[in-house]
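The following exercises concern burial and charge pairing in a protein model. Please work through each task before reading its solution.

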Amino acid sequence: MNFTIFQFPEFLNEALVGKKFAEATPVQEKIIPMIQKNKSVVAQSQTGSGKTHAFLLPLFEKIDPKKEHVQVVITAPSRELAQQIYKEASFLAKYSPEEIRVSNFVGGTDKKRQIEKLNHAQPHLVIGTPGRILDLIKEQALDIHEAFALVVDEADMTLDFGFLKEVDAIAAFFAKNSQFLVFSATIPEKLRPFLKKYLENPEIVEISPENKIAPEIENFLLSTKSAKKDTLIYDLLTMGEPYLAFVFANTKQRVDELTEFLQGKNLKVAKIHGDLPPRERRRVMKQIQNLDYQYVVATDLAARGIDIEGISLVINDDIPQDLDYFIHRIGRTGRNNLKGTAITLYSPGEEDLIAQLENNGITFIPKTFKNGQLEDSFDRNRRKKRQDTARRELDPTLKGLVKKKKKKIKPGYKKEIKAAIKKNQQQQTKVAKRQELRSKRKKKKSTSEY
């Protein structure tokens, strides 16, 4: 769908040309008209679906630069996500013929200076982390009581990071008829009370990507059964010449250990996790974007919503504890139609987690690392598949039928056996299809409610 169908003001059309956006993504196609009609929305979509512009564009259309008060508030669970939204909003704002003031308020920055600026003028659009926005409201520096829209971006991550209480407090300042827009990769049960409290009859939008993984990504699976993991990661990072490589680990301690090991191997490695002071984190992120580092080791903090161009290789040191993060991790590569490689390392004790990912539609290419390069490996489920195939091909009932028929050796017995086997297989296929349809209906029912 072409963006002209939304009939945006001319300055937004010019901004879209500046961004080189030609067609709306599925999430933009569905959500933009809803926001234009002042509807509240709960949107479930994966990172990289274009949701940031799905809410920024129609909200910019509604902002009146002549009014001197805050009109839109957007919360993000991390400084990096807030900065990314701020960057996109600032890009749109510079095309406006009249000044649209956009401000970014996050923890770890100079609050006193922010208060002084707010006493001078209120922004039209506020972006920031929930804690800092709420602080500024309590200081009576930021006045949001006339704002018409609140956006809660990455709501499930907001919940995970423990910021939902602050978002709830911010939402309480909004009038009952305000527009609430909630975006989330998943809708956890603990998020539902918040949604019911503030969103009356919202539009529920669920965008399921056609492919869980972009076709540009080669998704490899590598067993660490007989390998030293640190050494294997070093070998994988240095077997080629990645433009920019990310290694994801589950804990801050593991990030520290792996960074130290790789730096000991004379690699220039940056690390990102929640214990880094805000100023250092901003500095490291800027250096990564400037390609001062070729290798980055990070926790899942960097996996959600942070758009760093040119990541050509992603390595999963282990399977994420929350399997939803798997998509976010490997989705850092293969962006903007560029080729990317994702390598997931797993131990024999993680077979069940790999199986869960496969059941959720993730397809792996099995590999082994030999002589300094990746080589094709056997499907780890090959034995089980052979056994299942053998069972499907001839169950005990049919085996008895075959033996009985062979003993009698009547004319045409082979045809009869083939017909019986075919009939049995057709019945099994029907049963399997019925079970699959039931499962899909149950899954649809459980995920369609907010």
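The exercises below refer to this predicted model.

**Exercise 1.** Determine whether Arg 281 is buried or exposed, and identify its polar side-chain partner.

*Solution.* Begin with the location: Arg 281 belongs to helix 12 (residues 278-289). Next, apply the cut-off, by which buried means under 20% relative accessible area. Arg 281 has 6% relative accessibility and therefore counts as buried. Finally, inspect the side chain: that of Arg 281 makes a polar contact with the side chain of Glu 80 at 2.7 Å. Among the other residues that Arg 281 touches are Arg 79, His 273 and Leu 301.

**Exercise 2.** State which parts of the chain are tied together by the salt bridge between Lys 51 and Asp 153.

*Solution.* First, establish the pair: the side chains of Lys 51 and Asp 153 form a salt bridge, with an N to O distance of 2.8 Å. Lys 51 lies in helix 3 (residues 51-62) and Asp 153 in the loop between strand 5 (149-152) and helix 7 (155-160), so the bridge ties together parts 102 residues apart in sequence. Then consider burial: both Lys 51 and Asp 153 are buried.

**Exercise 3.** Locate the salt bridge of Arg 254 with Asp 230 and name the network that includes these residues.

*Solution.* The closest N and O atoms of Arg 254 and Asp 230 are 2.7 Å apart. Arg 254 lies in helix 11 (residues 252-264) and Asp 230 in helix 10 (residues 229-238), so the pair ties together parts 24 residues apart in sequence. Arg 254, at 13% relative accessibility, counts as buried, whereas Asp 230, at 22%, is partly exposed. Lastly, salt bridges link Lys 229, Asp 230, Arg 254, Glu 257 and Asp 317 in a network.

Methods: Residues numbered from 1 in each chain as written. Predicted model: local features only at pLDDT ≥ 70, side-chain atom pairs only at ≥ 80, totals over all residues. Heavy atoms only, no water. Helix = DSSP H or I, 4+ residues; strand = E, 2+ residues; numbered from the N terminus. Buried < 20%, exposed > 50% of the residue type's maximum accessible area, 1.4 Å probe, protein only. Polar contact = N/O pair within 3.5 Å; in protein donor to acceptor, adjacent residues only side chain to side chain. Contact = heavy atoms within 4.5 Å. Salt bridge = Lys/Arg side-chain N within 4 Å of Asp/Glu carboxyl O. Lists of a residue's contacts leave out its neighbours within four places in sequence.
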